[in-house]
Amino acid sequence: MTDVIIVGGGPVGLLLACELKLGGADPLVLEAATGEERRTRSLGLRSLNARTVQSLALRDLVEPVAGEQWAMLDELAARREPAGADLVAMMVELLGEGLIRGHFSGLPLLGEAGDAEYLMLKQDRLEAVLAERAAAMGVRIWQGCAVSDVAQEESAAVATLADGRTVRAAYLVGCDGGRSLVRKRSGFAFEGTPATMTGRTAVAELASAEAVTSSLRHPGGLVNLSLVPGEIATVEFDGGPDDRDAPMTAEELEDSLRRVTGHDVVVKRLETGIRYSDNTRHAGTYRKGRVLLAGDAAHVHSPIGGQGLNLGLQDAVNLGWKLALVARGLAPEALLDTYTAERHPVAARVLRNTRAQVALMRPGPQVEALREVLAEVIELPDAKRHFTGMADGTEVDYAPGSAHPLVGRFAPRLEAVPTALPAEPSPARGRTVAELLRDGRGLVLALSETPGDGTPGDGRLDAAVAGHRDRVRVAHADHSTLPGDGGAEVLLVRPDGYVAWAGGRDGVAGALTTWFGPPRG
């Protein structure tokens, strides 16, 4: 018996495991894939948008992930021919200057220099960073451990392994991808729209390297030559693949390249390949009793726009601290209902915009004209803010319509001075909100004309927080440095970086009970 079983050890499952462990729960990760299978599903490059990078900063993970990015780009530059090396160099320059904000259906979204927070790397490198962090935290990960069934008992969720063993936990989370066994066995509704396109990504060698160039506007679809040498992707708008699981052949890729480009392309060798589509579906709820869903198990959509990985990682960050509190008996199960309430609308917007991006990828003069008009619109300041916020995840608001402008939004950057307990030394300097959240506790942020000096706060605030000191810490900040503070005396910042509540000191105790459970006696 453990606290939480996580079925699926990809990036979403690994990050969720780290969040649970940080919150004091005991997770067990069950991962079916072997090393070779994990490498195959890592074809292509994955982008981490601004909100994901900000979330990784809360756990001091940006530096190791960025280190993997730069190491990967150095390796790619060394392996490419001069023309390809120039392409890598251009990407390095854009990333280094902080210009990239993402794209919408291939239309670039660029910001001012130093404005963006954006990382790009292969999925297996991200998994390696997260697996190393999980192992350092003491998370148990069982590799090559397929799950054949899941069920719920009155006091436990049960995973049956392919070898017949069973594992029990208070809760079970399916992070096992778009064809999730957890979702199917647990009876989650998964409605949506069927595939209209077939995407293929392969590692292959062409008879002539100059025979194909990257273009979103080929006559029959699109072709992308990845920064990774030998990786080629095509997309055709043909109604979706007939058999996603059959091994891809050189002939299949060759036929696709010929249909898309209209040229006589020859594929000499194919090492490996995968198929995908724009099949778009969404679970009606992310929780049924003791079973929850995260990542592609809860929502699938076209990969165009690069939002899927980010959406799943944000699921993990939202769910982790909540499930840890509930699994430890510190908060009521009602806290888990906020997971679906907050994340379902976010995914619904992503599914909508990825459908729109697929429509804008279709060949033809009408769509070409629409793309040209949209490219002009995106450059308008308000439109650019809208599209970049949609692409980089910074538009998310978990409490739309809230009376206070910061509630439901990611906490703004500012420096705060943590309040020391009587037995602790006073802090020597202010720290950022991200630094103060790294231990997985929430943050009670008292706003004043000038930051505190590290001494305990006033009596009302101390009394309100006393029973939650194991779940939150207190800090003081100068309200003049806080954009849109709305006149609040105190902000309650959740472990995932979002502002849960804002108000006067008299309301702190109630807000803490709502979001972190009742106080300890």
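**Exercise 1. Locate Gly23 and decide whether this residue is buried or exposed.**

Step 1. Gly23 sits in the loop that joins α1 (11-22) to β2 (27-30). Helices (H or I, at least four residues) and strands (E, at least two) are DSSP runs, numbered from the N terminus. Residues are numbered from 1 along each chain as its sequence is written, and this is a predicted model, in which local features need pLDDT of at least 70, side-chain atom pairs count only at pLDDT 80 or more, and totals for chains, interfaces and linings use all residues. Side-chain values use heavy atoms, with hydrogens and water left out.

Step 2. Buried means under 20% relative accessible area, exposed over 50%, and partly exposed in between (1.4 Å probe, protein chains only). Gly23 has 17% relative accessibility, so Gly23 counts as buried.

Step 3. For a distance to check in your viewer, take Glu271, which is 248 residues from Gly23 along the chain: the two C-alpha atoms are separated by 42 Å.

**Exercise 2. Work out where Asp60 and Ser105 lie, and what their phi values are.**

Step 1. Asp60 belongs to the loop between α3 (50-58) and α4 (62-79). Its phi is near 60°, a positive value in a residue other than glycine. With 40% relative accessibility, Asp60 counts as partly exposed.

Step 2. Ser105 belongs to the loop between β4 (100-104) and β5 (107-110). Phi of Ser105 is near 55°, again positive in a residue other than glycine. Ser105 counts as buried, because its relative accessibility is 0%.

**Exercise 3. Count the disulfides, then explain why Cys145 is in no bond with Cys175.**

Step 1. A disulfide is a covalent bond between the sulfur atoms of two cysteines. The cut-off used here is a pair of cysteine sulfur atoms within 2.5 Å.

Step 2. The count is 0 disulfides. Cys18 is in none, and the nearest cysteine sulfur, in Cys175, is 12 Å away. Cys18 is buried, with a relative accessible area of 5%.

Step 3. For Cys145, the closest cysteine sulfur is also in Cys175, at 15 Å, which is too far for a bond. Cys145 counts as buried too, at 6% relative accessibility.

**Exercise 4. Compare the span of helix α10 with its expected value, and find where the kink lies.**

Step 1. The expected span of a helix is 1.5 Å times one less than its number of residues. Helix α10 (residues 334-361) has 28 residues, so the expected span is 40 Å.

Step 2. The end C-alpha atoms of α10 are 42 Å apart, which agrees.

Step 3. Now look for a bend, defined at a residue as the angle between axes fitted to the seven residues ending there and the seven starting there. In α10 a kink of about 25° lies at Arg343, shortly before the proline Pro345.

**Exercise 5. Trace the salt bridges of Arg413, Glu252 and Arg259, giving each partner and its surroundings.**

Step 1. Side chains of opposite charge can pair when their charged atoms come close. A salt bridge here is a side-chain nitrogen of Lys or Arg within 4 Å of a carboxyl oxygen of Asp or Glu. This rule gives 37 salt bridges.

Step 2. Arg413 pairs with Glu117 (2.6 Å, N to O). The two are 296 residues apart: Arg413 is in the loop between α12 (381-392) and β21 (415-418), Glu117 in the loop between β5 and β6 (119-121). Arg413 counts as exposed at 65% relative accessibility, while Glu117 is partly exposed at 23%.

Step 3. Glu252 pairs with Arg200 (2.7 Å, N to O). Glu252 lies in helix α8 (residues 250-261) and Arg200 in strand β12 (residues 198-206), so the bridge ties together parts 52 residues apart in sequence. Glu252 is buried at 17%, and Arg200 is buried at 8%.

Step 4. Arg259 forms a salt bridge with Glu236, and their closest N and O atoms are 2.7 Å apart. Arg259 lies in helix α8 and Glu236 in strand β15 (residues 231-236), so this pair ties together parts 23 residues apart in sequence. Arg259 is partly exposed at 44%, whereas Glu236 is buried at 6%.

Step 5. To finish, put these pairs together: Arg200, Glu236, Glu252, Arg259 and Arg275 are linked in a network of salt bridges.
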